[in-house]
Every structure is written in C-alpha cells, then in structure tokens.
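Visitor: I'm new to this one and a bit lost. Could you pick a single part, take a close look at it with me, and then tell me how it fits into the rest?

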Amino acid sequence: MKAACLHSFTDSDIADVVKIEDVDAPVIEAPNDIIVRIAGAGVCRTDLHIVEGQPIGDGPVPLPHVLGHENAGFVEEVGANVSTVRVGDPVLCYPFLTSGLAPVERRGLENFVGGRATPGINAAGGFAEFLRTAERSVVPLPSNCDPVDFAPLADAGLAAFRACSQAAAVLRPSDTAYVIGVGGLGHLGVQILKVLSPATVVAIDTRADARELAIRLGSDTSFATVGEAVAAFNGRPQAIVDFVGSNATVEAAVNALEVGGRLELVGVDGRIDLPTRLIVESELTVAGSLVGTFAELLELTELVVADRIKVIVDRYPLDEAARALTDLRSGSVLGRAVLLP
Ligand SMILES: [Zn+2]
C-alpha cells in the first residue's frame, strides 16, 4: 500500500524526510482487530513535533514511521470476534488502543493508560491507505457521511471538547471565555464552547483569516491578542482555553483572567513561570487537558452528525503530506489539514 514514511528527523525541509512509498499493508493479528481503509487522516502539530524528533510519550519514535493519529475511513476487514461493525461501515478511529482493563480505564480515562498503542505515534498511523486498529477504538458513523469530515475529531476535536467541557463547567451567562488559537483545535473549540456554555466567546488569533473563520463559526467577537481583547471588550474573562500554550500566551492569559478564573491548557509549547501571589490573590486555576475519553468522542461525534458543530477541512492528497505539514508549520492551514490517500 501507499504510505507517507518519516525517515529521519529535521527542523528544516520536511519534504527531505517524509517520502511517499510502497509498504506492507497491515493485517489482522488479533480477533478484535479491524483494518480501516483510510478516507482521511488529520495533520496535527504533534506530527510536527515527531518530525522534529521531540520525544512524544516514551521517546522518539523508531524510524521509518508512518504518521497519522487522526483517522477515519471504512472498515476493510474484521477479526473473528468483531461484532459491532461490518465491512464497509464508515468509522472514526479513537486514537488510543487499550485493553479496557487498566484501573484508570475502569474510571473511563482511556487517555491516561500507560504503555498504550497509539497509531501514528508509536505504531503505524493513517498517512497510508490502510490502518490497523481495534474494535473498542472505533466510533461507527452514519452510513451517509463522508469520514473525511470526521477525521479531525479523533484528536483535534476531542482535545478541544475535553478542554472546553472543563472550562464550560465554570462559566455563567454573564461570563466571557477566550479561545486562544483558532487552528485545527480552536476552530472547533469556539463552537464547542458555544454549545456547552452560556458565556460570550472571544476568539484570539493573530491571523485575520482565522479570526474571520471564528466569527463565521459563531464566536461573538475576535481579537488579535489577549491584550487587545482585555482593553477593548467587556471586562475580564472567567475562562481561557489556550490551544497555543506558548510562554507568551500563558503569561497573557493568566494576567487577563477574572478573579476565580480558570486557564485550560492544551498547547504544549511553553513553560509556566508565574508569581504564586497572583494565583493565590486572584484564586486562579491553571489546569491541563489531555486529548479525551472515548465517551467524549462519542458526544462530540453526535454534535457533528447533528450539524451543531462544523469541521473545516483543508484537503490534501496523501502524496502531498510534506506540503500539508509544512503549511501547518507556517500557519497557512485554515481549519484542519486532512490527507486523502
Ligand atoms: Zn494530534
């Protein structure tokens, strides 16, 4: 089968290290395995971190490696024990493959299971024609849908959903919430906050086209920076969901929050160096949010099926995987880049 293979790490030209090749297609190994014919695979900032050789989870991935942890497609083949989906069904792939037996999973938290397999991270991913996953990690989709539109939910949407759910829990009708970064995650985060909370939603992005997209998707207003928003708009925010997570956005966010406010961190590119006095005297909460649970992915999928949340997909042929990654790095993708084999 055709796949985009990462052969070495680089922080310069991605086309030098990500090559389209013919590789062995995955096969059924266990009775609950499923082979998915990929319809679309989302391109994530984590893919860029992997390309750069940053350790993800247990360390740098062994090379060569097939990226792609945001996958959707059609069931191609099923193991002997699979009973909940059939060949030809459209499915969305939950990113983690777990047994269901770890104590943390008994609490519903598949996103914290140690040593799990994650296709695209520590197993072959979906920048390919076929992917091996497992029955308990697929979400059946309606028969009339295009799985390409659902692929970004597997990580971008799920991470946005969990973070915005936690932020929404503290939001009241008179409150304001900021979403920092209207990219693959943030364009969904804006809409999720509008569904889950009664607050006024303010989108923050330095890119004018991203701010326009946020408004089109229901954000009440938008600004280029947190500072501009605080200066111009209606008091301080009670919650901020930071999808960028850089030193600069975190510092701006913490200084912007209302008394008792909550900062929800999703982006992982920065460090926190804050005066404890600020946290204490304003009773701030700084929280993290990691991807999401299978149950959260089901809820989010229902919202998209019901057309209450729209996924903005920028389609690229699989052959142009390197270009999609390069465009993501340069900030020129609007919504989520998705590769189509
Ligand atoms: Zn990701």
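Guide: Let's start with a bit of bookkeeping: when charges are counted here, Lys and Arg are taken as positive and Asp and Glu as negative, while His and the chain ends are left out. Keep in mind, too, that you're looking at a predicted model. On that count, the protein has 26 positive and 44 negative charges, and the mean positions of the two sets are 4 Å apart.

The part I'd pick is the zinc site. Three residues coordinate the zinc ion: Cys-44 through its SG, His-69 through NE2 and Asp-155 through OD, at 1.7 to 2.1 Å. If you trace these donors along the sequence, the spacing reads C-x24-H-x85-D. Now look at where two of them sit. Cys-44 is in the loop that runs from strand E3 (33-42) to helix H1 (45-51), and Asp-155 is in the loop from strand E8 (138-140) to helix H3 (156-168), so this pair ties together parts of the chain that are 111 residues apart in sequence.

Are those two buried or exposed? A residue counts as buried when its relative accessible area is under 20%. Cys-44 comes out at 4%, so it is buried. Asp-155, at 10%, is buried as well.

Now follow the chain a little from helix H1. In the loop between H1 and strand E4 (65-66) you'll find Pro-64. The peptide bond joining Leu-63 to Pro-64 is cis, with omega at about -5°.

Stepping back, how does the whole thing look? The protein has 10 helices and 16 strands. Its radius of gyration is 20 Å, and the globule rule gives 20 Å for 341 residues, so the protein is as compact as a globular protein of that length. Along the principal axes, its C-alpha atoms fill a box of roughly 55 × 40 × 35 Å. Of the 341 residues, 55% count as buried. Among contacts with a separation of 6 or more, 69% are between residues 24 or more positions apart. The accessible surface is about 14,400 Å², and carbon and sulfur atoms make up 49% of it.

For another buried spot, try His-187, in helix H4 (residues 186-196). Its relative accessible area is 0%, so it counts as buried. Setting aside neighbours within four places in sequence, its contacts include Val-182, Leu-213, Leu-217 and Lys-310. Val-311, Ile-312, Gly-335 and Arg-336 are also among them. Ala-252, 65 residues away along the chain, has its C-alpha atom 20 Å from that of His-187.

Two loops make a nice pair to finish on. Glu-283 lies between helix H8 (276-281) and strand E14 (285-288), while Val-291 lies between E14 and helix H9 (294-305). Glu-283 isn't a glycine, yet its phi is positive, near 45°. Val-291 also has a positive phi near 45° without being a glycine. Their surroundings are another matter: Glu-283 is exposed, with a relative accessible area of 62%, whereas Val-291 is buried at 13%.

Notes:
Residues numbered from 1 in each chain as written. Predicted model: local features only at pLDDT ≥ 70, side-chain atom pairs only at ≥ 80, totals over all residues. Heavy atoms only, no water. Helix = DSSP H or I, 4+ residues; strand = E, 2+ residues; numbered from the N terminus. Rg over C-alpha atoms; globule rule 2.2 N^0.38 Å. Buried < 20%, exposed > 50% of the residue type's maximum accessible area, 1.4 Å probe, protein only. Contact = heavy atoms within 4.5 Å. Areas by Shrake-Rupley, 256 points an atom, 1.4 Å probe, with all protein chains shown as cover. Charge placed at Lys NZ, Arg CZ, Asp CG, Glu CD. Donors = N, O, S within 2.8 Å, 3.2 Å for Na, K, Ca; no water.
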